[in-house]
Amino acid sequence: MKDAADNSIGRVARWPTLIGTILTMGISLIPQARAQGSDADKLLKAMSDYVAGQKTISVTFDSDIEVITSNLQKIQFTSSGEVQLSRPDKLRATRTGGYRDIEIVFDGKMLTVNNKDAKDYAQIDAPGTADQLIDVLRDQHGVVAPGADLLLSNVYNVMMADVIEGAVIGKGVIDGVECDHLAFRNVETDWQIWIESGARPIPRKYVITSKGIAEAPQYTLRIKEWKTDVPADAFAFKPESSAKKIALGDLGDIDEVPHGTANAGGKK
């Protein structure tokens, strides 16, 4: 009995030592990661240059956005979608979730917002580039779309605009693909990005953590497929016969979070 008790005591005694070692190892990694900030800049710039150099892009994605309710419960909403881009002035995006089925089509002259759930759509004149359209959607129509930053022609400048710290965390694997894992900090958010290693440095995963909101909700984007071929007719809107054209202001809520749910993560 004494031997068993001694062994038991020995196991218990070793746990604090083991835990302390693990914590020490974790802490020791932090300065090393911070020291690689310039490498993080270089890897992000390489991704930006590669993405901006693609004249046409077609991606499929899954996204999660967390919200904090009035009683501080964290709820996550999940959507899937596809984005097709032809630089400089054509864009098509779809997003399907449990609450919305939305399509946006832009041909360089006109913007169409198609609410498939309600079988209605709206069109407005919006001449300009795809980059300008994203700004208009955010500034005038409240469409945040944080993942859209990854497709801008000046990705690096936009994402690094208010960064105060960056680091290479190490390697990660997304859908079986090895990636470089980077982490950056702003005043109001922390954000991470996983970039495919090798000759095709495309973004594979993107996470934004909103530090200024209680419970720190997150927005997560996972890119599933990345192609550079887009059908010639991808940016021609063809409404269903049963769809009704209405004014843009009369469209229902097209956000991926149900109306009335406050404090969502994802704004950088």
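Helices, of at least four residues, and strands, of at least two, are DSSP runs numbered from the N terminus. The model described here is predicted.

The strands assemble into an open sheet of 12 members with mixed pairing, in the order S7-S8-S9-S10-S11-S1-S2-S3-S4-S5-S6-S12. Its edges are formed by S7 and by strand S12 (244–245), each of which pairs on one side only. In general, strands of a sheet pair through backbone hydrogen bonds, either parallel or antiparallel. At the S7 edge, strand S7 (residues 165–174) runs antiparallel to strand S8 (residues 177–185), and the two share 9 bridges. Within this pairing, Gly 170 is placed opposite His 181 of S8, and Gly 172 is placed opposite Cys 179 of S8. The two strands form a hairpin with 2 residues between them, and Asp 175 in the turn has a positive phi of about 50°.

Helix H3 (residues 130–141) lies across five strands, namely S2 (74–86), S3 (90–97), S4 (101–106), S5 (110–115) and S6 (120–125). Relative to S4, the helix runs at about 135°.

The aromatic pairs number 3 in the model. One of them joins Phe 184 and Trp 191, whose rings are stacked with 4.4 Å between centres and 20° between planes. Trp 191 also pairs with Tyr 206; here the centres are 6.1 Å apart and the planes stand at 80°, so this arrangement is edge-to-face. Because Trp 191 belongs to strand S9 (residues 189–196) and Tyr 206 to strand S10 (residues 203–210), the edge-to-face pair ties together parts that are 15 residues apart in sequence. Phe 184, Trp 191 and Tyr 206 together form one aromatic cluster. Each member of the cluster falls under the 20% limit for burial: the relative accessibility is 1% for Phe 184, 0% for Trp 191 and 0% for Tyr 206.

The largest nonpolar core contains 46 residues, of which Leu 44 and Ile 193 touch the most other members. Strand S1 (residues 56–68) gives the most to this core, contributing 5 residues. Apart from its neighbours within four places in sequence, Leu 44 is in contact with Tyr 156, Met 159, Met 160, Leu 182, Phe 184, Trp 191, Ile 193 and Ile 195. Leu 44 therefore touches both partners of the stacked pair, since Phe 184 and Trp 191 are among these contacts. In soluble globular proteins, nonpolar side chains tend to be buried together.Charged residues also occur beside the aromatic ones. The charged end of Lys 205 sits over the ring of Trp 194, at 4.8 Å from the ring centre. Arg 204 lies in strand S10 and, with a relative accessibility of 8%, counts as buried. Leaving out residues up to four places away in sequence, the contacts of Arg 204 are Ile 174, Val 177, Cys 179, Trp 194, Glu 196, Leu 221, Arg 222, Ile 223 and Lys 224. Trp 194 is thus named both as a contact of Arg 204 and as the ring under the charged end of Lys 205.

Several backbone features remain to be described. Most residues other than glycine have a negative phi, and most peptide bonds are trans. The peptide bond from Arg 87 to Pro 88 is cis, with omega near 5°, and Pro 88 is located in the loop between S2 and S3. Ala 145, although not a glycine, has a positive phi of about 40°. This alanine is placed in the loop between H3 and helix H4 (155–159), where Ala 145 is partly exposed at a relative accessible area of 33%. Glu 215 is likewise not a glycine and has a positive phi of about 75°. The loop that holds Glu 215 lies between S10 and strand S11 (218–227), and the relative accessible area of Glu 215 is 46%, which makes the residue partly exposed.

Notes:
Residues are numbered from 1 along each chain as its sequence is written. This is a predicted model: local features need pLDDT of at least 70, side-chain atom pairs count only at pLDDT 80 or more; totals for chains, interfaces and linings use all residues. Side-chain values use heavy atoms; hydrogens and water are left out. Two strands pair if DSSP finds at least two bridges between them. Rings of Phe, Tyr and Trp (its six-membered ring) pair if their centres lie within 6.5 Å; planes under 30 degrees apart count as stacked, over 60 as edge-to-face and the rest as tilted. Buried means under 20% relative accessible area, exposed over 50%, partly exposed in between (1.4 Å probe, protein chains only). A charge sits over a ring if NZ of Lys or CZ of Arg is within 6 Å of the ring centre and within 35 degrees of the ring normal. Contact means heavy atoms within 4.5 Å. Axes are lines fitted to C-alpha atoms, for helices over the stretch in contact, and angles run from 0 to 180 degrees between N-to-C directions. A nonpolar core is a set of buried Ala, Val, Leu, Ile, Met, Phe, Trp, Tyr and Cys residues joined through side-chain atoms within 4.5 Å.
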